[in-house]
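Got your viewer open and a selection box ready? Here is a walk through one model, stop by stop.

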Amino acid sequence: MDGDAVLEIDDMACIYVEQSRPSNSLEQDARHGLLTAPRSMPPKYFYDKYGSLLFDKICDTEEYYPTRTESRLLEAHASELIELAKPGHILEFGSGCSRKTHFLMRACESININCEYLPFDVCEEVLCQVRDEYAERYQWLDVKPLVGDYTAGLDGLHRPKGSCLYVFLGSSIGNFNLQQANEFIEEVTACMLPGDSFLLGVDRVKSTQVLHQAYNDEDGLTGEFNLNLLNVLNDRLDADFDLNKFKHKAIYNEVQQRIEMYLISESIQTVNLSVLDESIDLNKDEEILTEISHKYTYDQAESLLTDAGLHILRHVEPDNAWFSLVLAHKSL
Ligand code: SAH
Ligand code: AVI
């Protein structure tokens with residue numbers, strides 16, 4: 001990965017991906033999303049160091065089936081997917097702890113594919129941990145962590161030489177609205193050369209009860225993850241959100257096929273956002289939308305990729321059809 005839009009410090013250092021279009025700062029997002037109703041914040045702000053740790057814990061809960069389900073699919077099909085993609089590079093968007101990427105690396109190892117791994121995430125602390133863990137576990141692997149915001153354009157992401165497998169797991173695609181999801185896949189497709197592949201993990205439409213439980217785990221980890229956004233705002237905006245005066249709410253909107261996650265104000269209250277020199281007056285039960293998580297049907301999962309002009313190579317799902325892993329490629 002080279003070019004003037006990235007700064008490479010040394011072989012193991014993180015590479016800061018330059019934004020190729022202006023994206024809002026936290027201050028701008030807060031001004032736009034919090035000062036007037038209906039209130040909302042983009043979900044990328046969940047992932048400070050503690051938020052990333054909480055997400056990892058959510059993945060181990062009984063209720064949050066996506067990680068477990070996708071892991072099993074990868075365990076069963078990674079070799080076949082890697083054989084089809086034959087990657088010289090694996091670039092993973094929103095890689096987080098890269099806990100499922102091990103399946104892909106082990107598949108590469110078993111057929112002697114010495115690829116390079118480019119985990120791309122907004123959370124630098126987690127990327128550093130992943131770099132150390134992967135470099136130690138896979139001595140043959142070059143790890144080049146990319147720090148950046150994948151919603152800020154991908155032109156700064158100079159395409160590596162050799163075939164590239166782009167990976168987007170965990171159904172993070174669901175955290176975009178439908179239009180943003182299509183635009184993102186079009187942008188990735190524009191980075192791809194003929195022969196490159198895209199592996200997409202997509203959470204499927206299923207019973208409301210299963211979905212509701214997945215975002216309302218009994219131990220309250222999802223609630224803590226949601227409320228941690230207020231800690232991020234307190235730190236970065238010198239705000240005074242009192243976490244005891246908000247509660248977590250996650251519902252499945254069947255019409256829109258999506259989970260909607262909110263923070264609910266439990267009383268009438270005023271919150272000061274010192275860095276913005278603003279305050280907000282919240283009513284009792286007023287909502288702040290913090291995340292959407294779209295669920296897709298089998299056909300919709302494929303359309304995400306085919307609408308961008310990619311061709312499906314393989315689509316795997318478990319017996320209960322709760323999750324899809326779709327591998328597509330750009331034709332020669
Ligand atoms: N792919 C992993 C982690 C999913 S959690 C899995 O399937 O388990 C979502 C990850 O995406 C977090 O690590 C978060 O820091 C990252 N992320 C969220 N929004 C992002 C953005 N706009 N740009 C880059 N990374 C982002
Ligand atoms: C990262 N993303 C796909 C998760 C999801 O399921 O939408 C984030 C999450 N939010 C609550 N629990 C998990």
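What follows is a tour of two ligands, one pocket and a few backbone oddities. Keep in mind that this is a predicted model.

**Stop 1: ligand 1**

Select ligand 1 and show the residues around it. There are 16 of them, and G94, K100, D121, D149 and Y150 come nearest. Which atoms of G94 and K100 should you draw distances to? For G94, pick the backbone: one of its N or O atoms sits 2.7 Å from a nitrogen atom of the ligand. For K100, go to the side chain, where an N or O atom is 2.7 Å from an oxygen atom of ligand 1. Then add V122, which has a polar backbone atom 3.2 Å from a nitrogen atom of ligand 1. Now switch on a surface: on its own, ligand 1 has 570 Å² of accessible area, and the protein covers 93% of it. Colour the shell by class and you should get five nonpolar, seven polar and four charged residues.

**Stop 2: ligand 2**

Move on to ligand 2, which has 13 residues around it; the nearest are Y64, N175, Y215, E291 and S293. Two tyrosines are worth labelling here. Y64 puts a polar side-chain atom 2.5 Å from an oxygen atom of the ligand, and Y215 likewise has a polar side-chain atom 2.5 Å from an oxygen atom of ligand 2. Next, measure out from the side chain of E291: an N or O atom there is 2.6 Å from a nitrogen atom of ligand 2. How much of ligand 2 does the protein bury? Taken alone, this ligand exposes 340 Å², and 96% of that is buried by the protein. To see which elements supply the shell, highlight α8 and β14 (287–294), the ones that give two or more residues each. By class, the shell around ligand 2 splits into six nonpolar, six polar and one charged residue.

**Stop 3: the second largest pocket**

Keep α8 selected, as helix α8 (residues 221–237) also gives the most to the lining of the second largest pocket, with three residues. Select L26, K44, Y45, V122 and R236 to find the pocket's centre; they lie nearest to it among the 17 lining residues. You met V122 at the first stop, where its backbone makes a contact with ligand 1. The space in this pocket comes to about 360 Å³. Its lining has seven nonpolar, five polar and five charged residues.

**Stop 4: along the backbone**

Time to hide the side chains and look at the trace. Where does helix α3 bend? Follow residues 65–85 and stop at H77, where α3 bends by about 65 degrees. Carry on past the helix to K86, which follows α3 and has a positive phi near 40 degrees. K86 is not a glycine, and it is found in the loop between α3 and β4 (89–93).

There is another positive phi to pick out. D238, also a residue other than glycine, has phi near 50 degrees. Look for D238 in the loop between α8 and β10 (246–253).

Last, select A37 and P38. Is the peptide bond between A37 and P38 cis or trans? Check omega: it is near -5 degrees, and the bond is cis. P38 is in the loop between α1 (26–34) and β3 (39–40).

Definitions and conventions: Residues are numbered from 1 along each chain as its sequence is written. Chains are lettered from A and ligands numbered from 1 in the order in which they are written. This is a predicted model: local features need pLDDT of at least 70, side-chain atom pairs count only at pLDDT 80 or more; totals for chains, interfaces and linings use all residues. Side-chain values use heavy atoms; hydrogens and water are left out. On a 1 Å grid over the protein atoms alone, a cavity is a set of points where a 1.4 Å probe fits but cannot get out, and a pocket is an open set with protein on both sides within 12 Å along at least five of seven lines; lining residues have an atom within 4 Å of a point. Grid points are joined across faces, edges and corners, and a volume is the space filled by probe spheres set on the points. Helices (H or I, at least four residues) and strands (E, at least two) are DSSP runs, numbered from the N terminus. Ala, Val, Leu, Ile, Met, Phe, Trp, Tyr, Cys and Pro count as nonpolar, Asp, Glu, Lys and Arg as charged, and the others, Gly among them, as polar. A residue is near a molecule or strand if one of its heavy atoms lies within 4 Å of it. A polar contact is a pair of N or O atoms within 3.5 Å; within protein, one must be able to donate a hydrogen and the other to accept it, and residues adjacent in sequence count only if both atoms are side-chain atoms. Accessible areas come from the Shrake-Rupley method with a 1.4 Å probe; for residues, only the protein chains shown count as cover. The bend at a residue is the angle between axes fitted to the seven residues ending there and the seven starting there.
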